[in-house]
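Student: Could we go through this structure together, one question at a time? I would like to see how each answer is reached.

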Amino acid sequence: MNGTPQYAPVVAHPYALTGTEYDPGRAAGSVAGGDASYGRVVVPGEVDVSHGAILYLEGVTVSFDGFRALNDLNLSVDDGELRCIIGPNGAGKTTMMDVITGKTRPDAGTVYFGQTIDLTRLNEVAIAHAGIGRKFQKPTVFENLTVFENLELALKADKRARASLLAKLDGEQRDRIDAVLATIKLADAAHGPAGRLSHGQKQWLEIGMLLAQEPRVLLLDEPVAGMTDQETAETAELFLSLKGKHTLIVVEHDMDFINTIAGTVTVLHEGHVLAEGDMATVQNDPRVVEVYLGR
Amino acid sequence: MTERRLFSPFGWTLFVIIVALGLAMPLLHVFAPEGHPLHVSAYTLTLVGKILCYAAVALAMDLVWGYAGILSLGHGLFFALGGYAFGMYLMRQIGRDGQYQSDLPDFMVFLDWKDYPWYWAGTDHFLWALVLVIAVPGIVAFVFGWFAFRSRIKGVYFSIITQALTFAAMLLFFRNDTGFGGNNGFTDFKRILGFPVAAPETRAVLFALTVAYVAGILVFCRWLMQSKFGRVLAAIRDAESRTMFVGYDPLPYKLGVWTLSAVLCGIAGALYVPQVGIINPSEMSPANSIEIAIWTAIGGRGTLIGPLLGAGIVNGAKSWFTVSFPDLWLYVLGAMFVIATLFLPRGVMGLLGRKA
Ligand SMILES: Nc1ncnc2c1ncn2[C@@H]1O[C@H](COP(=O)(O)OP(=O)(O)OP(=O)(O)O)[C@@H](O)[C@H]1O
Ligand SMILES: [Mg+2]
């Protein structure tokens, strides 16, 4: 890739975080469509954050028919950080998440998870197993399954087809689901279909699915859109409580919400980082005011 | 969350009664003499046996369409492949009793072939024929599915390719030198495991096996769709990319249920051929496969029981109409499909007001 020695091309065991036995041969076979070159395999499940950064994007460019949705994007997020990303519509925020989670392949640039895991070589499933979870901009839950079943499927577990045939929830997993249900305040709706939830409740269910999945990094695309003020405040509280244990990257347009939770804010504009810093710095940056906050 | 039940007590009672009635039919065919009020004629037994085989196909269709959201318009191919595989064995059982009194089937003598082609090897063994019944549709489905699902071919594109697949296979099987009897296919069977194929006892056993098969796969599929595997399939159907970001690779799930579905069709085809007495390439016609989807839609997708009913209702109506008003049948079928699509999103099952 960019030839920097500390970013050796290696692949993490895709089921590293599932608690199942480690078997590189099978792991390689089970990454569908993975065109990765299986070089040196690092200790499974270990995300090397010895240099502080857990996510590191450098020179990332994504073009759609010549239009650059991301243009030489550089971003570094520290382990345990709560990073807010803001920017006008079409700035490339969602596209950036697509690149990190393997949905979109960048035309150029590098994307690293810790020091060693090159995310551009992994597919969506492998990236999820490596420890990156994602909430979509449009809330996406499994509408025909119950709230409980949504969380059950999200739960950190062996997710291979054969294991699913005989999978049974044990007491500990049930407790875990109940705890998440309490956190997202959906215990009463647990056994109804997820499709019947309100917009805000779907947002919370999706956040709950992320919690059940127990990823290292949570990517949250407009998590409070469609929520009441009360719900928004509770979500802010939740995110602040997760900070430190997890790394959170939050994309939002709701500036009050950003104000409540933000440490570092990154402003994206036309696929590029326009400004970065704490809320006050960013808010007073004339370029930011011009393209985004001023209007 | 309470224990998941396969069926409610009421459901189990109904299940046992229906299976018992199903098993009573062949007994009455053999033991109640003609003229007896409870006599079941060979015609009735064959007709119901045939419909039961179709019901199994509709059930298999429901696994992929109802649960995994994959609409196949080529399931007739898998049914026919199972039928042909078992038909090869039945052809070998004819022995020298054919027109030409040769060791070879008549159509090979007619083609002036001196020996069986290599792929007929071992087909005189019953067990090998059973292996083929499972392996041929299974392997075809697996290979096709692997390429299609890996390339993430979905929706209507997938459906069209399956139509093309069964159409291509039909053209291949129509050719005489493919070695499967051309457009006549296989027929005039004489024996199965040495027993005369048209004897009441043989018919009765084949029918009872079919009842057991349909009942068995209903329970098995019910179990499978209530397992976590089934819930992951539903998740893939509702939001495939979400499922991937949660950490499930859709490929083995889709491929697994797709291949299973094809094998279930193949076995149904193998049960069909000795009862109906013929298999020919028209089973692979695109229209046939579309009809399978119609049975499933009319019965109610994603309910397993619904498609069984759908196959029964449509084929029952078909056998009546094609005798009484043959010209009307296609219109009636079309009307049933339109009504089910517009007014009964859950098919007959929705009408019965029962949840899956
Ligand atoms: N698959 C695609 N094909 C073509 N253009 C795309 C595609 N995805 C995104 N784009 C374009 O790329 C640009 C960036 O889109 P993106 O969704 O990343 O913006 P965003 O910052 O998330 O905006 P918003 O705040 O509205 O969600 C937009 O102009 C969008 O139209
Ligand atoms: Mg967006």
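Student: How do the residues of the shell around ligand 1 divide into nonpolar, polar and charged?
Tutor: This is a predicted model, so the answer describes a computed arrangement of atoms. Among the 13 residues around ligand 1, N89(A), K93(A), T94(A), T95(A) and Q137(A) come nearest. Sorted by kind, the residues of the shell are four nonpolar, seven polar and two charged.

Student: Which element gives the largest share of the shell around ligand 1?
Tutor: Two elements of chain A give two or more residues each to this shell, namely β2, which covers 67–78, and α2, which covers 93–100. The largest share is three residues, and the element that supplies them is α2(A).

Student: Which residue has a side-chain N or O atom 2.5 Å from an oxygen atom of ligand 1?
Tutor: Several polar atoms of the protein can be compared here. A polar backbone atom of G90(A) is 2.9 Å from an oxygen atom of ligand 1, and an N or O atom in the side chain of H253(A) is also 2.9 Å from an oxygen atom of the ligand. The distance of 2.5 Å belongs to a side-chain atom of T95(A).

Student: How much of the accessible area of ligand 1 does the protein cover?
Tutor: The starting point is the accessible area that ligand 1 has on its own, which is 640 Å². Of that area, the part covered by the protein is 62%.

Student: Which residues coordinate the magnesium ion, and where in the chain are they?
Tutor: The magnesium ion is ligand 2, and its coordinating atoms, OG1 of one residue and OE1 of the other, are at 1.9 to 2.2 Å. One partner is in helix α2 of chain A, while the other is in the loop between β6 (132–135) and α4 (147–154), so that distant parts of the chain, 43 residues apart, are linked. The residue in the helix is T94(A), and the residue in the loop is Q137(A).

Student: Is T94(A) buried, partly exposed or exposed?
Tutor: A residue counts as buried under 20% relative accessible area and as exposed over 50%. The relative accessible area of T94(A) is 27%, which lies between those limits, and therefore T94(A) is partly exposed.

Student: Why is α2(A) described as largely enclosed by the rest of the structure?
Tutor: The buried residues of this helix are K93(A), T95(A), M96(A), M97(A), D98(A), V99(A) and I100(A). The helix is largely enclosed because, of its eight residues, the number that are buried is seven.

Student: In which helix is I177(A), and which residue 26 places away along the chain has its C-alpha atom 6.5 Å from that of I177(A)?
Tutor: I177(A) is found in helix α6 of chain A, which covers residues 171–183, and at 1% relative accessibility it counts as buried. Leaving out residues up to four places away in sequence, I177(A) touches F148(A), L151(A), E152(A), L155(A) and L169(A). The residue whose C-alpha atom is separated from that of I177(A) by 6.5 Å is L151(A).

Student: Which residues of chain B does T140(A) touch?
Tutor: T140(A) lies in the loop between β6 and α4 of chain A, and a polar atom of its side chain lies 2.7 Å from the backbone oxygen of K138(A). When residues up to four places away in sequence are not counted, T140(A) touches E206(A) and also two residues whose chain letter is B. Those two residues are A239(B) and R242(B).

Student: With which side chain does H75(B) make a polar contact?
Tutor: H75(B) has its place in helix α3 of chain B, residues 75–93, and it counts as buried because its relative accessibility is 0%. Among the residues that H75(B) touches are W258(B), S261(B) and C265(B). The polar contact, at 2.7 Å, is with the side chain of S261(B).

Student: What share of the residues of chain A count as buried?
Tutor: Chain A has eleven helices and ten strands, and it exposes about 12,200 Å², of which carbon and sulfur atoms supply 49%. Of its 295 residues, the share that count as buried is 55%.

Notes:
Residues are numbered from 1 along each chain as its sequence is written. Chains are lettered from A and ligands numbered from 1 in the order in which they are written. This is a predicted model: local features need pLDDT of at least 70, side-chain atom pairs count only at pLDDT 80 or more; totals for chains, interfaces and linings use all residues. Side-chain values use heavy atoms; hydrogens and water are left out. A residue is near a molecule or strand if one of its heavy atoms lies within 4 Å of it. A polar contact is a pair of N or O atoms within 3.5 Å; within protein, one must be able to donate a hydrogen and the other to accept it, and residues adjacent in sequence count only if both atoms are side-chain atoms. Accessible areas come from the Shrake-Rupley method with a 1.4 Å probe; for residues, only the protein chains shown count as cover. Helices (H or I, at least four residues) and strands (E, at least two) are DSSP runs, numbered from the N terminus. Ala, Val, Leu, Ile, Met, Phe, Trp, Tyr, Cys and Pro count as nonpolar, Asp, Glu, Lys and Arg as charged, and the others, Gly among them, as polar. Donors are N, O and S atoms within 2.8 Å of the metal (3.2 Å for Na, K and Ca); water is not among the atoms, so sites may look incomplete. Buried means under 20% relative accessible area, exposed over 50%, partly exposed in between (1.4 Å probe, protein chains only). Contact means heavy atoms within 4.5 Å.
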